[in-house]
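Here's a quick briefing on how the chains are arranged and what sits inside them. Take a look at the model first, then read on.

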Protein chains: 4
Amino acid sequence: MDPLSKLEEIFRHFPGIGPRQAKRFAYFLLTKSDADLAEFSKSILELKKSVSMCSLCQRFFPIGNKVVNVAAPICSICSDPNRDTDTLMIVGRDIDLQAVERSRAYNGLYFVLGGSVPIFDEAPDQKIRQKELMARLEQMTSQEEGHRLKEVILATSVNPEGEHTASYIAGLLKPLVSTHGFRVSTLGRGLSTGTELEYSDSETLKSALQNRR
Amino acid sequence: MDPLSKLEEIFRHFPGIGPRQAKRFAYFLLTKSDADLAEFSKSILELKKSVSMCSLCQRFFPIGNKVVNVAAPICSICSDPNRDTDTLMIVGRDIDLQAVERSRAYNGLYFVLGGSVPIFDEAPDQKIRQKELMARLEQMTSQEEGHRLKEVILATSVNPEGEHTASYIAGLLKPLVSTHGFRVSTLGRGLSTGTELEYSDSETLKSALQNRR
Amino acid sequence: MDPLSKLEEIFRHFPGIGPRQAKRFAYFLLTKSDADLAEFSKSILELKKSVSMCSLCQRFFPIGNKVVNVAAPICSICSDPNRDTDTLMIVGRDIDLQAVERSRAYNGLYFVLGGSVPIFDEAPDQKIRQKELMARLEQMTSQEEGHRLKEVILATSVNPEGEHTASYIAGLLKPLVSTHGFRVSTLGRGLSTGTELEYSDSETLKSALQNRR
Amino acid sequence: MDPLSKLEEIFRHFPGIGPRQAKRFAYFLLTKSDADLAEFSKSILELKKSVSMCSLCQRFFPIGNKVVNVAAPICSICSDPNRDTDTLMIVGRDIDLQAVERSRAYNGLYFVLGGSVPIFDEAPDQKIRQKELMARLEQMTSQEEGHRLKEVILATSVNPEGEHTASYIAGLLKPLVSTHGFRVSTLGRGLSTGTELEYSDSETLKSALQNRR
């Protein structure tokens, strides 16, 4: 296949992109300079080498000039001595973690599931990083580590699949909770920015009333 | 103007209706039976007679067969002996009140502002039922009434105009608060149903973290 | 049912209106003056008396002060001596007829089907005014009438149901065409206002090329 | 800048892509295999070498294994002996040309403007390939070439900017028309697929009536 058609096909598999826009993208690239295309091409080639997946929280992070332990790379959040190591927030994807970081409202650690568990899914452990999560939790609750996990925040989206994922993980955590006694919490519900009372569902209003201040 | 054109014009002033849909409505009525139209016409004519505005909370309520004090009608919520008379929730419109009632999460009293105060508005007291609100608050804080107002909940929408309205009313309440010592609260912020973490603003996330449970 | 709830229910059956907007409409009426509501109510009551369905083209038309033959009312278009009585345009609804009139591009007569025939419909003659159409065509092709039908324009919408309706009617017309020899045409296809070439389907482009000028 | 951020920035300049989706794209690439990324990178690098701009119609075309005259490459359409060399369709972009080719309704030659002329633009000759168009027209009307241009079809989009572009080019063509006597046409207007009569503007309906068949 010629590169133009190949690019159309590649773009067609980008999230949210249909055949028309894929074609537009390919032709858009034709209007770019050779230097721009070389830079684009190089960035793609170097992407993975420039990024590592943190062996603790499983998020992707840029390596930069830092020396990274190739066998077990650790990101800047997980290695930050000023973060609270007794709280772990479990999120679906890297972009969710970034939204929380932008809010500057959280100073604990993270774990990125890498996905969510569809309702009625028969192999939920294949949809999220379950094995890695359990290993991380074992580590965070082991006595040798010197610290003690106090809270796990299930920060999934407030929709059926997100809530199903949270309840699936809550089930996984149960034995650990009974042994180690940490708290399992979910993010507070309430009116989010832009909400009009008239269109709010009862559960949101109930939480908004309980959490009033 | 003939009734068909008249109806088009009337429908054109309905909230959210443009000229095309107004025309559709008028022609839609043409396809209805005489009995249907008579019923529609009668309901409109009797609407106001069947509904009264509560002299306390200012909401519209159906009169039904009840005997109503015409000079100072009082709705079923305001006259319900089981409602908590020490809490007043201030909402923008009747439909907001109804959304809260549907949630069954609130058992106090209401006040319906009948609108909101646009930012930079020069006559805010014309946009909401300010005089009626002040009168109602004076009543609820007077000692003769035997009850004591403990909390006013500002339940406006979470958007610039709603928040401006809340802060305008908070200003009005200040002198009363310093005299009578009631609490002024706003509904809790957090993730509302359908929220995806990725698209949440920082303030919503901050509240969601504080209100986690 | 009280008039407020009744109105909500009536509005919920308006085309394109859901329960929320129906409620909004009902409460919107509460804010209107008694005079406005009386006028609205009266317009609805007088709607049908002010409008007649033309016995020839089947469209609704305002009667005004004109004397109308109650048994067989005839609208201003059908009775206009300056219209071309040798051409009949068949449209789906009154609003389609009005769009064509607004364009001032057509000077013939009309017939309003009052609907369209869904694909796979088992009783197409129940969905449109088939009996009235056949009667009108017989009339327009009868020799006593002194005029001779030269063309029937099938002006249905360009979507599957519209095209199915056109082809269903074309079938009905066949025997008449072979007897009376009038032409059956459809509206020209081509680029409509706002069309971008990139998003045009092949059939539209083909017609646009054939009809270029 | 690290490759991840660089890619976000590059994607942000793709047509129709905002910052959120740009971020999604960058993280999406992180989930791809090394082989997939290598192929993507390579396609971008080879894109321009694999594609040439036709010196006659100015469209991009894949070179493939064909020997191409580097100084004056000619595409498969312009060099096809079976195309009608007496008709030239002027389109805005490559994707417009492709839409017309897909329709199989046109067998003449093309010229791709590479853009359109905004209304009130002060340097229209900078927005489209005006010089190349004039050169191509001179060539197509010169007697030595042995063929004679009979028609130029202005196939721009049916929106204000497209129509302005067409009228700008019509102006450019005037002197040539008076010398060489070719026809200048535009694509036919009418109902395009999906059009509902009710929502059609008068000009579209007028054309649809004229072009009925």
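What turn and what shift along the axis lay chain B on chain A? A turn of 180° with a shift of 0.2 Å along the axis does the job, and the RMSD comes out at 0.1 Å. Keep in mind that this is a predicted model.

**Chains B and A**
- On the chain B side, B:Gly190 has the C-alpha nearest that axis, 2.0 Å from it.
- As for how they touch, 100% of the interface residues of chain B are interface residues in chain A too, so these copies meet through the same surface.

**Chains B and C**
- Chain B also goes onto chain C, with an RMSD of 0.1 Å, by a rotation of 180° and 0.1 Å of shift along the axis.
- That means the two copies are related as by a two-fold rotation axis.
- Here B:Ser41 is the chain B residue that comes closest to the rotation axis, its C-alpha lying at 2.2 Å.
- Again the copies meet through the same surface, because 100% of the interface residues of chain B are also interface residues in chain C.

**Nonpolar cores**
- The largest nonpolar core counts 105 residues, and B:Ile90, B:Val91, C:Ile90 and C:Val91 have the most contacts inside it.
- Leaving out residues up to four places away in sequence, C:Ile90 touches C:Phe111, C:Leu113, C:Val152, C:Ile153, C:Leu154, C:Ala155 and C:Ile169.
- Another core, of 103 residues, lies apart from the largest one, and its members include A:Ile17, A:Phe61, A:Ala166 and D:Val117.

Note on methods
Residues numbered from 1 in each chain as written. Chains lettered and ligands numbered in written order. Predicted model: local features only at pLDDT ≥ 70, side-chain atom pairs only at ≥ 80, totals over all residues. Core = buried A, V, L, I, M, F, W, Y, C linked by C-beta atoms within 7 Å. Buried ≥ 20, exposed ≤ 12 C-beta atoms within 10 Å, placed from the backbone. Contact = placed C-beta atoms within 7 Å. Least-squares fit on C-alpha atoms with pLDDT ≥ 70 in both.
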